[in-house]
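Please read the report below alongside the sequence and the coordinates. It moves from whole chains and domains to single strands, helices and residues.

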Amino acid sequence: MRYLPHSDADRRSMLAEIGVKSVDDLFADVPSSVRLSELPDLAHHTSEMGVERIVSDMAKKNLSAEDAPFFVGGGAYHHHVPSSVDHIIQRSEFLTSYTPYQPEVSQGTLQYLYEFQSQVAMLTGMEIANASMYDGSTATAEAVLMAHRLTRREKAVVSGGLHPQYTEVLRTIAKYSETALNELAPGPQLAATIIDAIDDETSCVVVQNPDFFGGIHDLQDIADAAHAKGALMIVVVTEIISLGAMRSPGEMGADIVVGEGQSLGNGLNFGGPYVGLLATRKKFLRQMPGRVSGQTVDQNGQRGFVLTLSAREQHIRREKATSNICTNSGLCSLAFTIHLTLLGEKGLRKLARINHTRAVKLATRLAEIEGVDLVTDRYFNEFTISVPKDAGQVINKLADQGILAGLAVSRLLPDHAQFKNLIVLAVTETVSDGDMDRLCAGLEGVLS
Amino acid sequence: MMNREGRPTTPKVSGEFARDTFTGNKGLQAEEALIFELGSIDQCGVDFDDFDDQPDGNLGELARSAPIGLPGLSEPEVMRHYVRLSKMNYSIDAGIYPLGSCTMKHNPRLNEKLARLPGFAALHPLQPEQTVQGALELMETLSHWLMEITGMPGVTLSPKAGAHGELCGMIAIKAALEARGEGARSVIVVPESAHGTNPATAALLGYKVRSVASGDDGLMSVEAVKAALDDDVAGIMLTNPNTCGLFEPEIVEIAEAVHKAGAYFYCDGANLNAIAGRVRPGDLGIDAMHINLHKTFSTPHGGGGPGSGPVVFSEALAPFAPYPAVKRDGDILRLDEGHGAQGLKADAFGRLTAFHGQMGMFVRALSYMLSHGIDGIRQASEDAVLNANYMRVRLRDVLNQPFGDKICMHEVLFDDSSLKDSDASTLDVAKALIDEGFHPMTVYFPLVAHGAMLIEPTESESRATLDQFIDTLRDICERASGDGAAELQAAPIHTPRRRLDETLAARKPVLRWVGDEREALAAE
């Protein structure tokens with residue numbers, strides 16, 4: 001077996017040194033009734049070439065975003081990632097290191113985490129950020145629990161514009177942590193409805209910008225209404241590139257900003273691994289979940305970094321910790337920070353501009369098709385259209401033609417008849433004019 | 001033409017000339033500033049195609065006006081920054097990384113290659129099912145392997161890491177209790193030696209944690225568990241092999257007692273790598289267990305993540321597993337996302353995360369499994385246990401085993417009692433190992449051993465590497481007991497940074513760049 005260094009002779013001599021006759025003696029504490037007498041019925045070892053063949057065959061059965069005109073968004077976005085990002089994250093010292101518990105031999109990880117935290121705080125308009133969460137949806141759940149602790153209340157108001165699967169995650173956590181959730185009816189985010197739902201028991205309002213349907217919003221009125229009742233505003237950002245073009249959540253009164261950072265540095269990967277972002281105000285630091293890297297000095301007085309404030313965390317505080325999170329998304333946060341450092345402010349703004357411009361172009365073209373209406377009036381790079389047929393069937397027919405035309409809202413919200421004809425489309429810098437031509441022609445064909 | 005003598009091949013001067021360098025660099029080891037000190041707001045390392053810009057788009061007053069302050073760097077500067085940072089990190093590729101309970105084993109590069117195939121890496125989680133059949137097939141195959149290896153009839157792949165898997169398993173327990181009208185059970189029994197995530201997970205779900213002590217032998221006795229069980233207990237969370245590196249010999253009786261009390265048995269599967277292929281957790285009476293794909297099945301730890309924590313379930317809990325789930329419908333694979341008529345899982349407790357879990361990790365883990373095969377997986381478990389016991393017998397005369405000298409599983413636990421007459425501590429031993437070029441073992445965990453040193457060599461290490469580590473640790477122990485303690489307390493001295501002031505970091509938290517970045521960047 002190519003990954004195991006011992007020869008049988010090594011094993012024999014080591015067993016002799018240990019003072020046992022056979023390897024079975026090392027498992028003597030296992031009750032004899034449960035020792036496996038034969039191997040489970042699974043394949044035996046395979047050559048590298050053999051494994052490559054098996055797994056590649058599975059990959060070939062999928063239609064990748066690189067091989068189709070591609071317009072699917074809904075919380076995960078197909079962006080171009082510079083080659084240097086993937087090269088750097090595959091360096092042994094990043095890929096095959098552990099959590100930086102021994103800071104003297106982990107300054108590389110600790111420094112990039114500090115840089116990552118700084119970038120996330122700047123981008124979201126907040127004062128501090130942690131060193132990453134699993135993904136946007138779980139970060140949202142953590143933010144709600146954090147708001148409960150900060151306000152000593154237990155009810156969250158959730159916008160109907162939140163990604164439906166994020167709402168499902170909040171529902172699960174609320175149900176089993178025995179806290180309350182006021183889920184507003186799904187649909188494009190409406191400030192008035194959200195404001196009406198805030199009461200004296202509300203710990204936080206959870207809003208998304210751009211919302212799940214692509215609409216963009218000024219959140220200041222919601223923030224003011226929440227703050228007037230002693231509640232916090234949590235802003236969810238699933239398309240982080242939008243912050244290159246739009247006012248930050250911090251500027252609009254957010255108390256906690258959570259995000260899905262996948263768009264920077266990370267591929268679609270069929271849903272994971274991604275990188276959850278969590279940023280907040282400095283005064284809420286002690287209730288922030290997750291690891292954080294902090295600046296300090298070494299005994300020679302040189303600047304260095306350590307994991308800090310671990311008195312919040314499970315390995316120190318156990319059942320009194322702010323969260324049970326341990327492993328986070330280290331390597332994905334590295335990809336995020338490299339990509340953002342390549343872009344810089346100038347590049348991020350330009351990238352956002354390209355995304356927005358391309359989206360405006362496609363929305364304008366689609367609205368000219370007979371029977372298609374643009375539902376979202378203000379958007380960043382994602383918007384919703386209505387079509388005169390069942391949206392799920394339209395998407396499937398276009399997929400059969402090799403066009404991944406977007407997301408039928410009914411895929412995530414099947415029980416709501418009013419969404420039956422809605423498609424959410426995302427347009428990134430990867431979409432060419434030719435892709436738009438194919439989509440428009442395909443859609444006209446399917447609708448005619 | 002070269003001159004007659006060529007370049008000198010022996011140094012002309014000998015002796016010590018240690019002094020600070022002008023740059024602060026030490027040969028191959030370079031100092032590296034922060035991106036905020038290196039970059040500028042006007043620099044960009046990405047070129048874009050021309051595009052027909054619309055002056056205003058439709059963002060209106062939502063358009064960003066304030067500067068962000070983000071520095072950019074050109075591509076060569078970016079390469080250099082991160083390569084220099086990387087050189088300040090230890091890694092499993094560079095040497096043994098014997099962190100007990102963390103399982104730092106070799107990360108095959110084949111798995112990286114396969115996870116990057118566009119058919120997986122550029123696949124969107126919400127594409128139509130007919131365009132992702134290969135991805136669903138991979139998930140189905142991985143599920144099959146996990147169920148067969150563990151002997152458990154149910155599995156969910158969606159948890160994002162080990163602690164997320166714990167949450168998943170414990171929610172399933174809570175849902176099952178509620179389904180049979182026993183939702184009032186409010187206590188989870190957790191051994192003192194447990195990972196901190198166990199009590200933290202229980203508390204997140206509103207459970208009270210009842211702590212039980214292990215015996216003097218480091219093991220959980222069925223009597224101690226029985227004494228902690230009553231009608232209030234919802235479940236027990238036990239790690240097996242436990243965090244002291246020992247297999248719990250009474251585990252079958254413990255499972256019976258837990259079930260008899262009407263509670264469920266959650267097993268922390270962090271240490272599955274000791275027994276995979278030799279023991280099936282399903283045969284032990286376990287109801288739910290997470291599997292850290294980043295431990296047992298070698299997906300890279302990546303400096304702290306991402307992980308992946310699929311959970312296997314018993315018959316009793318399988319119906320409560322969350323969605324999504326992959327279901328076979330003849331030749332077609334479907335994703336059950338819990339909706340309406342397509343939703344096949346009426347008892348599913350809900351959704352734990354957006355999308356379907358850590359697909360990138362699934363590809364790597366399955367590649368690892370296929371490469372080893374079940375025979376190789378068993379051999380890997382045996383070699384891991386062999387290596388830990390080899391460490392044990394070769395170190396037992398210089399370090400004390402808190403629970404007596406006995407066979408361990410994949411990791412061996414020592415305490416600091418052999419240091420009691422020395423000024424050096426467990427921490428000093430760890431830092432001295434760093435100077436010798438090794439990553440230390442896990443220290444001060446588990447809490448049940450004073451000044452714990454938990455060593456997990458894994459199956460990836462050759463005997464020569466083990467010997468080198470052992471000889472080094474023996475030498476450090478000798479120095480600690482002699483007059484070398486002060487030297488150990490000063491360690492490490494050969495690292496990019498000496499010991500760091502953690503008290504300062506916590507007392508005056510500096511968690512982001514605090515320079516006048518906007519002014520500084522604007523001035524450039």
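The paragraphs that follow describe a predicted model.

## The contact between the chains

In this predicted model, chain B touches chain A through 177 residues, and these meet 167 residues of chain A. On the chain B side, helix α10, which covers residues 359–395, gives the most, with 23 residues. Sorted by class, the side of chain B that touches chain A has 93 nonpolar, 54 polar and 30 charged residues.

## Domains of chain A

The domain assignment splits chain A into domain 1, made of the two segments 65–80 and 345–447, and domain 2, which covers 83–339. Between the C-alpha centres of these two domains of chain A the distance is 27 Å. Their contact draws 26 residues from domain 1 and 22 residues from domain 2 of chain A.

On the side of domain 1 of chain A that touches domain 2, both α11 (330–367) and β11 (382–386) of chain A supply at least two residues each. Of these elements, α11 of chain A accounts for the largest share of that side, namely 7 residues. The class make-up of the same side of domain 1 of chain A is 12 nonpolar, 10 polar and 4 charged residues.

## Domains of chain B

Chain B is likewise assigned two domains, with domain 1 running over 111–368 and domain 2 over 374–507. The C-alpha centres of domain 1 and domain 2 of chain B are 30 Å apart, and the contact between them pairs 19 residues of domain 1 with 20 residues of domain 2. Where domain 1 of chain B touches domain 2 of chain B, its residues comprise 8 nonpolar, 8 polar and 3 charged.

## Strand β2 of chain B and its neighbours

Strand β2 of chain B, residues 187–191, is largely enclosed by the rest of the structure, because 5 of its 5 residues are buried. The burial holds for both faces of the strand: B:Val187, B:Val189 and B:Pro191 lie on one side, B:Ile188 and B:Val190 lie on the other, and all are buried.

Two parallel partners are found for β2 of chain B. Strand β3 of chain B (residues 208–212) is joined to β2 by 5 bridges and runs parallel to it, while strand β4 of chain B (residues 233–239), also parallel, is joined to β2 by 3 bridges. B:Val187 takes part in both pairings, since its bridge partner in β3 is B:Lys208 and its bridge partner in β4 is B:Val233. Together with helix α7 of chain B, residues 197–204, the strands β2 and β3 of chain B form a right-handed β-α-β unit.

## Helix α5 of chain B

Helix α5 of chain B spans residues 133–150, and its length can be checked against a simple expectation: at 1.5 Å a residue, 18 residues should span 26 Å, which agrees with the 26 Å between its end C-alpha atoms. Buried residues of this helix include B:Gly134, B:Leu138, B:Leu142, B:Trp145 and B:Ile149. After α5 of chain B comes B:Gly151, which has a positive phi, near 65°.

## Unusual backbone geometry

Most residues other than glycine have a negative phi, and most peptide bonds are trans. Against that background, two cis peptide bonds deserve a look. In chain A, the bond joining A:Gly272 and A:Pro273 is cis, with omega about 5°, and A:Pro273 sits in the loop between β6 (256–260) and β7 (276–280) of chain A. In chain B, the peptide bond from B:Asn240 to B:Pro241 is cis, with omega near -10°, and B:Pro241 lies in the loop between β4 and α9 (251–260) of chain B.

Positive phi values appear in chain A at residues other than glycine. A:Asn269, with phi near 50°, belongs to the loop between β6 and β7 of chain A. A:Asn269 has 28 other C-beta atoms within 10 Å, and because 20 or more suffice for a residue to count as buried, A:Asn269 is buried. A:Arg318 also has a positive phi, about 50°, and is found in the loop between α10 (314–317) and α11 of chain A. By the same cut-off of 20 or more, A:Arg318 counts as buried, having 23 C-beta neighbours inside 10 Å.

Key
Residues are numbered from 1 along each chain as its sequence is written. Chains are lettered from A and ligands numbered from 1 in the order in which they are written. This is a predicted model: local features need pLDDT of at least 70, side-chain atom pairs count only at pLDDT 80 or more; totals for chains, interfaces and linings use all residues. A residue is buried if 20 or more other C-beta atoms lie within 10 Å of its own, exposed if 12 or fewer, and partly exposed in between; C-beta atoms are placed from the backbone. Helices (H or I, at least four residues) and strands (E, at least two) are DSSP runs, numbered from the N terminus. Two strands pair if DSSP finds at least two bridges between them. A crossover is right-handed if, with the strands pointing away from the viewer, the path from the first strand over the helix to the second runs clockwise. Domain bounds come from an automatic or database domain assignment. Two residues are in contact if their C-beta atoms, placed from the backbone, lie within 7 Å. Ala, Val, Leu, Ile, Met, Phe, Trp, Tyr, Cys and Pro count as nonpolar, Asp, Glu, Lys and Arg as charged, and the others, Gly among them, as polar. The expected span of a helix is 1.5 Å times one less than its number of residues.
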